[in-house]
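Good morning, colleagues. Please bring up the structure on the screen, and I shall take you through a few of its features.

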Amino acid sequence: MKKLTPVFILFLLIFTFTSCEISQKEKTIKLAHGLDMSHPVHKAMMLMGEELDKNSKGALKLEIYPNQQLGSERQCLELLQIGSLGMTKVSAAVMENFSPNMKVFGLPFLFKDRAHTFNVLDGDIGKELLDGGQKYWLKGLGYYDSGSRSFYTKEKPIQTPKDLEGLKIRVMESVTAMNMVNKLGGSPTPISWGELYTSLQQGVVDGAENNPPSFYLSRHYEVCKYYTLDEHTTIPDVLIISTHLWEDLSDEEQGWLQSAVDTSVQYQRELWATSELEALEAVKKAGVEVARPDKSSFKNKVKSIYEEYKDDIPVYNLIKRIQENQ
C-alpha cells in the first residue's frame with residue numbers, strides 16, 4: 001500500500017472536518033400525521049419539505065411519517081410536548097384537549113361560508129389561537145383546509161336529526177363533538193381514525209362524520225352507503241410544532257420554516273377544493289347515496305350549545321368575534 005503524502009493527509013483532515021461541520025449544521029425535522037399518502041395534506045407536506053430544503057439551501061430537512069406510523073393525533077401531540085417529535089398535523093377538535101380555546105372551531109354552523117372561514121383563520125383570531133397552545137409546549141404554524149364534516153351511515157340516510165336517534169356515531173376525541181352529536185340525538189363514540197374502518201364493519205358504530213376526501217380515501221364508503229351533507233362543522237387541520245424544537249431554531253431557521261409552511265397551506269387549499277369534488281363523484285359511482293338535507297332542523301337542535309359557553313368568557317368572546325367577522 002502506498003504511503004499517504006502529507007498534502008493528501010492534510011486534504012483528508014480538512015474534508016473530514018468540513019463534512020462534520022456541515023453534518024452538525026444540518027437539522028432534520030420529523031413530521032408525523034395520520035392520513036394516507038394520497039391525501040391533499042400529505043401532498044402539501046411534501047411541497048413543504050421541498051420549499052424548506054430550497055429556503056435553507058439544505059440546512060433544514062423535513063422527514064414525513066404518514067399513516068399513523070408514529071401514533072394517533074393525540075399521541076403525536078404528546079410526543080411534541082416531551083420533545084420526541086418535531087411537528088404534526090392534527091384536527092383542531094383534537095387540539096382542544098391541549099389548547100382549550102380551540103374548542104370554538106368545533107361549534108356547529110359557526111361559519112357562514114368558506115370565505116368567512118379563511119378570513120377568520122388567516123386573521124387575528126386564527127393567529128391568537130395558533131399561539132394559544134405555547135404554554136402547553138405546542139405552537140401552531142398554520143391551518144390546512146379540512147372542509148366541512150357531514151354524517152355517513154350504514155343502514156339508513158340521515159335526513160333530519162330524528163334519524164340519528166339510537167345510532168352510535170364515531171366522533172373524534174373532542175368534548176365539543178360529543179356534545180353536538182348528543183344534542184342531535186345520536187350516541188357519540190370516540191374511536192381513533194385508524195380503527196374506524198373495522199369498527200364500522202363490525203358494527204361497533206353505525207356511522208361517523210367527516211369531510212368528502214376523508215370519507216373517500218379511507219374507503220369508508222365501502223361500508224357506509226349513505227352520506228348526508230349537512231355540513232355541521234368546519235374544523236380546520238392545524239400544523240403544530242413542538243416549542244422545544246421551535247425555540248432551538250434560530251430566527252433565520254424559523255423564517256425558512258414558516259415560509260415553507262405558508263406556501264404549503266396555499267397549495268393544500270387548492271388541492272382540497274379539487275379533491276372534494278372528485279371524492280363526491282367517486283363515492284357516487286361506488287353506489288353511495290349522497291343527500292343534501294334542509295339544514296334548519298339540524299341548526300335548531302344545536303343552537304343552545306352557544307349559550308352554554310356564556311360562563312367560558314374567552315370562548316364566548318371568540319364566538320362573538322367570529323360571528324361579527326366579515
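I begin with Glu252, which is exposed because its relative accessible area is 52%, and the cut-off for that class is over 50%. Please bear in mind that this is a predicted model. Glu252 belongs to helix α11, which covers residues 251-285. Where does the chain bring Glu252 and Ser56, given that 196 residues separate them in sequence? Their C-alpha atoms are 8.9 Å from each other.

Let us turn to the strands. Strand β1, residues 27-32, runs parallel to strand β2, residues 60-65, and six bridges join the two. Between them the chain passes through helix α2, residues 40-56, and the resulting β-α-β crossover is right-handed. β1 also pairs with strand β3, residues 87-91, again in the parallel sense, over two bridges. Which residues stand opposite Ala32 in these two strands? In β2 the residue opposite Ala32 is Tyr65, and in β3 it is Thr88.

My next topic is internal space. Rolling a probe the size of a water molecule over the atoms shows where empty space is left. How many cavities of 30 Å³ or more does the structure hold? There are two.

The largest cavity has a volume of about 330 Å³. Its lining comprises 24 residues, and those that lie nearest its centre are Glu73, Ser91, Arg170, Met172 and Trp193. Three elements give two or more residues to this lining: α3 (73-81), β3 and β6 (168-171). We have therefore met β3 in two settings, as a partner of β1 and as a contributor to the lining of the largest cavity. As to chemical class, the lining of the largest cavity consists of seven nonpolar, ten polar and seven charged residues.

The second largest cavity has a volume of about 40 Å³. Which residues line the second largest cavity? They are Thr117, Leu121, Tyr144, Asp145, Ser146, Gly147, Thr234, Ile235 and Pro236. By class, this lining has four nonpolar residues, four polar residues and one charged residue.

To close, I return to three points. Glu252 in α11 is exposed. β1 pairs in the parallel sense with β2 and with β3. Of the two cavities of 30 Å³ or more, the largest has a volume of about 330 Å³. Thank you for your attention.

How values were computed. Residues are numbered from 1 along each chain as its sequence is written. This is a predicted model: local features need pLDDT of at least 70, side-chain atom pairs count only at pLDDT 80 or more; totals for chains, interfaces and linings use all residues. Side-chain values use heavy atoms; hydrogens and water are left out. Helices (H or I, at least four residues) and strands (E, at least two) are DSSP runs, numbered from the N terminus. Buried means under 20% relative accessible area, exposed over 50%, partly exposed in between (1.4 Å probe, protein chains only). A crossover is right-handed if, with the strands pointing away from the viewer, the path from the first strand over the helix to the second runs clockwise. On a 1 Å grid over the protein atoms alone, a cavity is a set of points where a 1.4 Å probe fits but cannot get out, and a pocket is an open set with protein on both sides within 12 Å along at least five of seven lines; lining residues have an atom within 4 Å of a point. Grid points are joined across faces, edges and corners, and a volume is the space filled by probe spheres set on the points. Ala, Val, Leu, Ile, Met, Phe, Trp, Tyr, Cys and Pro count as nonpolar, Asp, Glu, Lys and Arg as charged, and the others, Gly among them, as polar.
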